[in-house]
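The following paragraphs walk through one structure, moving from a helix to the charged pairs around it. Please keep the sequence and the coordinates at hand.

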Amino acid sequence: MADEFTKKLIALGYLTGTEAAAVESGGAGRAGTETPTGLSNLGTFLRERGNPKEAVPYYRRALEIAPAAPKTWMNLSAALLALSRFDESDEAFLSSLRHGYHDPDGAIERRAGIYRKRAPSRRVPFLKQTSGAVACRRTPERLLAREGLSRLERR
């Protein structure tokens, strides 16, 4: 019989068809294990289907278990951004960078582009913040220069 977490996965449609049948019959006992990867994957499943509010607790739970997971931090940041919780989103974004996110330059460039469209007043403060967090990266400096800010104005 499936545990409560697995039942939630089935109810949400995360496990379907033969996967759900295998879990229900007891043949896939590991499917409902609350691992950081499983929790993060479920958060992403929910976020990508338009439920970022429901995704946030799964990301947070995954980070309680594995706090140094840069991809989970980035996914939490995306969910919070979708909810327009900008400060929390930026903090999760920075945590992802600090924990070694695999493509910091690309992530910074994408987020700056999102802020240009959705929240223009947040763009420069975000770039200043990331510039300080990942000083070895050129992307925040390049994008700040594009904004026409001198070095003295950046900090």
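What span should the 13 residues of helix H6 (residues 86-98) have at 1.5 Å a residue, and how far apart are its end C-alpha atoms? The model is a predicted one. The expected span of H6 is 18 Å, and its end C-alpha atoms are 18 Å apart, so the two values agree. Among the buried residues of H6 are Phe-86, Ala-92, Phe-93, Leu-94 and Leu-97, as well as the polar or charged Ser-89 and Asp-90. Gly-100 follows H6 and has a positive phi, near 90 degrees.

Glu-88 pairs with Arg-60 in a salt bridge, 3.2 Å from N to O. This pair links distant parts of the chain, with Glu-88 in helix H6 and Arg-60 in helix H4 (residues 52-65), 28 residues apart. Glu-88 is partly exposed, at a relative accessible area of 34%, and Arg-60 is partly exposed at 34%.

A salt bridge within helix H4 joins Arg-61 and Glu-64, whose closest N and O atoms are 3.3 Å apart. These two residues are three apart, about one turn of the helix. An α-helix has 3.6 residues a turn, so residues three or four places apart point the same way. Arg-61 is partly exposed at 34%, whereas Glu-64 is exposed at 58%.

The structure holds eight salt bridges. Another of them connects Asp-103 and Arg-110 at 3.8 Å, N to O. Salt bridges with shared partners also join Asp-87, Asp-90, Arg-111 and Arg-122 into one network.

Thr-130 lies in helix H8 (residues 120-133). Its relative accessibility is 0%, so Thr-130 counts as buried. The side chain of Thr-130 reaches the backbone oxygen of Leu-127 at 3.1 Å.

Technical notes: Residues numbered from 1 in each chain as written. Predicted model: local features only at pLDDT ≥ 70, side-chain atom pairs only at ≥ 80, totals over all residues. Heavy atoms only, no water. Helix = DSSP H or I, 4+ residues; strand = E, 2+ residues; numbered from the N terminus. Expected span 1.5 Å × (residues − 1). Buried < 20%, exposed > 50% of the residue type's maximum accessible area, 1.4 Å probe, protein only. Polar contact = N/O pair within 3.5 Å; in protein donor to acceptor, adjacent residues only side chain to side chain. Salt bridge = Lys/Arg side-chain N within 4 Å of Asp/Glu carboxyl O.
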